[in-house]
Amino acid sequence: MSSVGVFVIDGAILIALPYLSWRYLGLRHIAPLAMIQIIGGLALGPTVLGHIAPDFQHFLFPAANLSRLNGVATLAVVLFAFLTGMHLDGKMGRSLKRGTLGVALSSFLVPLILGVSLGYWLAQGDSSFLGPKASHWEFAFGFGICIAVTALPVLASLLREMNIMHTELGQQALGYAAVNDAALWAGVSVLLIAVAGAQDGGWHLAWIPLYLVFALLVLPWLMRRIVGNRIVEEAGEESDMMLITACGLALVSSVAAEYAGLGYVLGAFLGGLAMPASVRAPLIRRLDWPVTLLLMPFFFMVTGLRAQLDLFSPSMAMIVVTATVVAMAGKIGGVAFSARLAGSQWRRALALGSLLQSKGLMEVLVVTILIDAGIVNSLVFSALIFVAIVCTVAAMPLTRFFIGGARTRAVVLGDRSLLASTGR
């Protein structure tokens, strides 16, 4: 069979298999679709299928098709980062009460500090963990960011599956996650600027301010000039023009960021952040399902082909175990103790922390940025992918455990209808 024919078969498997498994095998009650797609990518790569049936794995993903897979994966991650930027709504974070803003900040800072400490300890113990362009502190900071990640899209999926999206607990978790996302991308930006500035004697630093002016000032102005003040809701010529223009500007932003040394993923994210509020909702509706259901499986497949999970390796096992413990303890503890100080009950505080330690595809995205930027090596990349899976899969059962039975559930969720029905 030709390589093109095999590539078409690859696409059918990557798109259909995770979704059908998630939908019809009961996996939707265990983990969000993104996690099943990530696990599917790892299972089809050298980690699982490559060990069980190496010849069949090479037949499905021959070297001739790697460039095709990488091309689709690059487009997928650019559009997903663009969507992520549009999803980041400052109103959600600003809606938090003043007393809970400290909880939102500690939910990121506590695991970040613990993660940076663990990362520095790992770098001091074995400098081979560092990527080719990273110092010890740059590696440690990148590692800490991965430990502190909360995946806002995955969290929203978990809340919908558990039917608690519109409860007080669910809305509070989304508000905290929005703050986490903002802090995450700010941290990634600082790290990439530091790494870019260290290369070529700081030559890239001259381009970074120019790029930021373009992304944060010129892009929104261009979009407003093209679309105007209209809110385009329905499909039609105006909506098509808006979609093509927005995607084109996102790609331009991505290329400009790559040239400035910040990476194409951050450029696409800032392109989404620059979109005017009036066009975000229709753009998200038009792009969300094609990107998440049709394109992102190719990104997860490429991730699976890059990852080499060998838990029998002492170094791999050590990183996975310590990073998982620090990530879960830092996120749950950072949220729970600060929420308790703000007046929440312990069960509610622990349920919040359990929800926010879900990492999902955001950690996969961040760790992909780190390995592409030369900050981590392939072993750390693979270990952090596994950490993302463990933390995200654990989020739902942990939350259900802390929510408890009917009467406790009403109090923890802050659901007034449940409170009334239980007589509280």
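How many salt bridges does the structure hold? The structure holds two salt bridges, a salt bridge being a side-chain nitrogen of Lys or Arg within 4 Å of a carboxyl oxygen of Asp or Glu. This is a predicted model, in which local features need pLDDT of at least 70 and side-chain atom pairs count only at pLDDT 80 or more, whereas totals for chains, interfaces and linings use all residues. Residues are numbered from 1 along each chain as its sequence is written, and side-chain values use heavy atoms, with hydrogens and water left out.

**Figure 1. Overview of the protein.** The protein has 20 helices and zero strands; helices (H or I, at least four residues) and strands (E, at least two) are DSSP runs, numbered from the N terminus. Of the 424 residues, 54% are buried, where buried means under 20% relative accessible area, exposed means over 50%, and partly exposed lies in between (1.4 Å probe, protein chains only). Contacts (heavy atoms within 4.5 Å) between residues at least 6 apart in sequence join residues at least 24 apart in 80% of cases. The exposed area is about 18100 Å², of which carbon and sulfur atoms supply 67%; accessible areas come from the Shrake-Rupley method with a 1.4 Å probe, and for residues only the protein chains shown count as cover.

**Figure 2. The salt bridge between Glu168 and Arg348.** The closest N and O atoms of Glu168 and Arg348 are 3.2 Å apart. This pair links distant parts of the chain, with Glu168 in helix α10 (residues 168–198) and Arg348 in helix α16 (residues 346–356), 180 residues apart. Glu168 is partly exposed, at 47% relative accessibility, whereas Arg348 is buried, with a relative accessible area of 8%.

**Figure 3. The salt bridge between Asp372 and Arg306.** In this pair the closest N and O atoms are 3.0 Å apart. Asp372 belongs to helix α17 (residues 360–372) and Arg306 to helix α14 (residues 277–306), so the salt bridge ties together parts that are 66 residues apart in sequence. Asp372 counts as partly exposed at 42% relative accessibility, and Arg306 counts as partly exposed at 33%.

**Figure 4. The largest nonpolar core and Trp185.** A nonpolar core is a set of buried Ala, Val, Leu, Ile, Met, Phe, Trp, Tyr and Cys residues joined through side-chain atoms within 4.5 Å. The largest such core has 144 residues, and those with the most contacts inside it are Phe139, Phe143, Leu184, Trp185, Phe299 and Ile375. Leaving aside residues up to four places away in sequence, Trp185 touches Thr84, Val265, Leu266, Phe269, Met362, Leu365 and Ile369. In soluble globular proteins, nonpolar side chains tend to be buried together.

**Figure 5. Gly142 in helix α8.** Gly142 lies in helix α8 and counts as buried, at 0% relative accessibility. Beyond residues up to four places away in sequence, Gly142 touches Leu191 and Leu370. The C-alpha atoms of Gly142 and Gly187 are separated by 8.5 Å, although these residues are 45 apart along the chain.

**Figure 6. Two buried loop residues, Phe61 and Thr47.** Phe61 is placed in the loop between α4 (54–60) and α5 (66–87) and is buried, with a relative accessible area of 5%. Its contacts, not counting residues up to four places away in sequence, are with Asp10, Leu44, Leu69, Met301 and Leu305. Between the C-alpha atoms of Phe61 and Leu305, 244 residues apart along the chain, the separation is 8.9 Å. Thr47 lies in the loop between α2 (33–44) and α3 (49–52) and is buried, with a relative accessible area of 15%. With residues up to four places away again excluded, Thr47 touches Leu42, Ala307, Gln308 and Leu309.

**Figure 7. A nonpolar surface patch.** Leu212, Val213, Leu216, Leu217, Val218 and Leu273 make a nonpolar surface patch of about 450 Å². Patches are made of residues with over 30% relative accessible area and no salt bridge, with like charges joined within 9 Å and nonpolar side chains (Val, Leu, Ile, Met, Phe, Trp, Tyr) within 5 Å. Helix α11 (residues 207–227) gives the largest share of the patch, five residues. Val218, in helix α11, counts as partly exposed at 31% relative accessibility.

**Figure 8. Confidence along the model.** The mean pLDDT (the predictor's confidence in each residue, from 0 to 100) is 82, and 87% of the residues reach 70 or more. Among the elements, helix α20 (residues 416–421) has the lowest mean pLDDT, 48, and helix α8 (residues 136–148) the highest, 93. Where pLDDT is low, the predicted coordinates should not be read in detail.
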